[in-house]
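Me: I am new to this one. Can you take me through it in short steps?

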Amino acid sequence: MSDTKAPTRARVGPLLRRAARAEAATWRSLYVWARRRPLPLAPGDEPFGYLGVVKPILGIFIGLSAVEIPIFDVVVTHVVPWRPARWIVLGLGVWGLLWMIGLYASMTIHPHVVGDRGLRVRLSSGIDVFVPWTDVEALRKRYRSLPSSRSVQVEQEGDRRVVSISVGSQTSIDVLLRRPMTFDLPKGGSVPTNELRLYADDPDGLLRSARGTPTSNTVSR
């Protein structure tokens, strides 16, 4: 029995630690966003957001969460005789609403950044990848719809490995690398990559800001 439980504990431990870190990062993001401080950017850095494609969906979920709180409060108050149930449901409702706002905040305060040294690709507080310009062969604008909703997707295209960091199952920029690079990604560990794909609301602006890197526009797929 103990031999069976040991591998289970080994898997559960990292999952719980990762979940705790993600939860803490969401609340930190909410705090920073609520203070309305300027983004911490170095001289010459330009931020590029990626929230646009999921902003309507997040807005709907936040609105529904806000509406559900008083509705469930009324229902539980009149249906459940156990008084603490009202406060439990109310607490869960408020937590869910603040969590959704925290997710919105995290995506807002962690944009992609184009700098003098390279491109910083981010997604919320969980993904932060830096690609030096010296390792970028070319950037190209290309809208892609991905079959999965996962934020990080790894594909093998012949002898090339492609990592997509998507938003709303979409990417809009391909980063072609001069050599395989290794990125530390959530759940996927270190993955040697030949091409990195990401989503930005303003791919044209990001390409214009690239420091001496060849850029191109291609047909959407």
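What follows is a short round of questions and replies on a predicted model.

Me: How many helices and strands does the protein have?
Reply: Read the elements from the N terminus on. They run α-β-α-α-β-β-β-β-β-β-β-β-α-β. Counted by type, that gives ten strands and four helices.

Me: What share of the residues in the protein is buried?
Reply: Buried here means under 20% relative accessible area. The protein has 221 residues, and the buried share is 38%.

Me: What part of the accessible surface belongs to carbon and sulfur atoms?
Reply: Start with the total. The accessible surface of the protein is about 12900 Å². The part belonging to carbon and sulfur atoms is 61%.

Me: Which residues does UniProt list for "transmembrane region", and how much of each span is helix?
Reply: The unreviewed UniProt entry lists residues 57–80 and 87–107. In the model, the end C-alpha atoms of residues 57–80 lie 32 Å apart, and that span is 96% helix. For residues 87–107 the ends are 30 Å apart, and the helix share is 100%.

Me: How far does helix H3 reach from its first C-alpha to its last?
Reply: H3 covers residues 84–109, which is 26 residues. At 1.5 Å a residue, 38 Å is expected. The model comes close to that, at 37 Å.

Me: Which residues of H3 are buried?
Reply: The cut-off is again under 20% relative accessible area. The buried residues of H3 are Ala-85, Leu-97, Met-100, Ile-101, Gly-102, Tyr-104, Ala-105, Ser-106, Met-107 and Ile-109.

Terms used:
Residues are numbered from 1 along each chain as its sequence is written. This is a predicted model: local features need pLDDT of at least 70, side-chain atom pairs count only at pLDDT 80 or more; totals for chains, interfaces and linings use all residues. Side-chain values use heavy atoms; hydrogens and water are left out. Helices (H or I, at least four residues) and strands (E, at least two) are DSSP runs, numbered from the N terminus. Buried means under 20% relative accessible area, exposed over 50%, partly exposed in between (1.4 Å probe, protein chains only). Accessible areas come from the Shrake-Rupley method with a 1.4 Å probe; for residues, only the protein chains shown count as cover. The expected span of a helix is 1.5 Å times one less than its number of residues. UniProt positions are given in the numbering used here, feature names are shortened, and annotations may be inferred rather than shown by experiment.
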